[in-house]
Amino acid sequence: MTAEILNGDYVKHAAGLKEIEHADELLQNILIALTVHRGNFYPDKNFGTHCFGSADYAFAYAGQALNGLNGVYIKSVKENKNGFDFTIIINHCERRVSVSR
């Protein structure tokens, strides 16, 4: 288990940090990879994604950003007024992640 991150900061719980299960940790890592702008993460200039223009670009860039995660695939992307909703397959389980612009 690992510490939960919300809005770029760790979530406190009682005397320590709130911990999350493996599946939620993977979703958290996916969300981070989809929101960090490619080239802005110093240790790995290829981490993150480019700015999404349309749903087609979002699908392509998200696939590129998540390429290193085994068992993780983008199924679909829908554009909404605030950003994009991604349907992601994680080891044969379907999950959803939303990214704001």
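Before the entries, one definition: a pocket is an open set of grid points where a 1.4 Å probe fits, with protein on both sides within 12 Å along at least five of seven lines, and its lining residues have an atom within 4 Å of a point.

**Entry 1: the second largest pocket**

I am working with a predicted model, and I began by asking which residues line its second largest pocket. I found L34, T35, H37, T49, H50, C51, F52, F84, V99, S100 and R101 in the lining, and I noted a volume of about 160 Å³ for this pocket. When I sorted the lining by residue type, I got five nonpolar residues, five polar ones and one charged one. I then looked up the elements behind it, and I saw that helix α1 (22-35) and strand β9 (93-100) each supply at least two residues of this lining.

**Entry 2: aromatic rings**

I searched the whole structure for aromatic pairs and found four of them. For Y57 and Y61 I wrote down ring centres 5.9 Å apart and planes at 25 degrees, and because planes under 30 degrees apart count as stacked, I recorded this pair as stacked. Where do Y57 and Y61 sit with respect to each other in helix α2? They are four residues apart in that helix, which covers residues 55-65, so about one helical turn separates them. I also looked up the accessibility of Y61, which is 23% in relative terms, so I entered Y61 as partly exposed. Elsewhere I found that F52, F84 and F86 form one aromatic cluster, and I noticed that F52 and F84 are also among the residues lining the second largest pocket.

**Entry 3: the largest nonpolar core**

How many residues does the largest nonpolar core have? I read 19 residues, and I noted that those with the most contacts inside this core are I30, L34, L66, F86 and I88. The elements giving two or more residues to the core are α1, α2, β7 (72-79), β8 and β9, and the largest share, five residues, comes from α1. As background I reminded myself that in soluble globular proteins nonpolar side chains tend to be buried together.

I followed I88 further and, leaving aside its neighbours within four places in sequence, I listed contacts with I30, L66, V72, Y73, I74, K75, C93, E94, R95 and V97.

**Entry 4: T87 in strand β8**

I placed T87 in strand β8, which covers residues 83-90. Is T87 buried or exposed? I found a relative accessible area of 9%, and since buried means under 20%, T87 is buried. Not counting residues up to four places away in sequence, T87 touches Y73, I74, K75, S76, E94, R95 and R96.

**Entry 5: two loops**

I looked at N46, which is found in the loop between α1 and α2, and with a relative accessible area of 46% I wrote it down as partly exposed. I then checked its distance to A65, which is 19 residues away along the chain, and I read 8.2 Å between the C-alpha atoms of N46 and A65.

In the loop between β8 and β9 I looked up N91 and H92. N91 has a positive phi of about 45 degrees although it is not a glycine, and H92, also not a glycine, has a positive phi of about 70 degrees. For H92 I added a relative accessible area of 81%, and because exposed means over 50%, I entered H92 as exposed.

Definitions and conventions:
Residues are numbered from 1 along each chain as its sequence is written. This is a predicted model: local features need pLDDT of at least 70, side-chain atom pairs count only at pLDDT 80 or more; totals for chains, interfaces and linings use all residues. Side-chain values use heavy atoms; hydrogens and water are left out. On a 1 Å grid over the protein atoms alone, a cavity is a set of points where a 1.4 Å probe fits but cannot get out, and a pocket is an open set with protein on both sides within 12 Å along at least five of seven lines; lining residues have an atom within 4 Å of a point. Grid points are joined across faces, edges and corners, and a volume is the space filled by probe spheres set on the points. Ala, Val, Leu, Ile, Met, Phe, Trp, Tyr, Cys and Pro count as nonpolar, Asp, Glu, Lys and Arg as charged, and the others, Gly among them, as polar. Rings of Phe, Tyr and Trp (its six-membered ring) pair if their centres lie within 6.5 Å; planes under 30 degrees apart count as stacked, over 60 as edge-to-face and the rest as tilted. Buried means under 20% relative accessible area, exposed over 50%, partly exposed in between (1.4 Å probe, protein chains only). Contact means heavy atoms within 4.5 Å. A nonpolar core is a set of buried Ala, Val, Leu, Ile, Met, Phe, Trp, Tyr and Cys residues joined through side-chain atoms within 4.5 Å.
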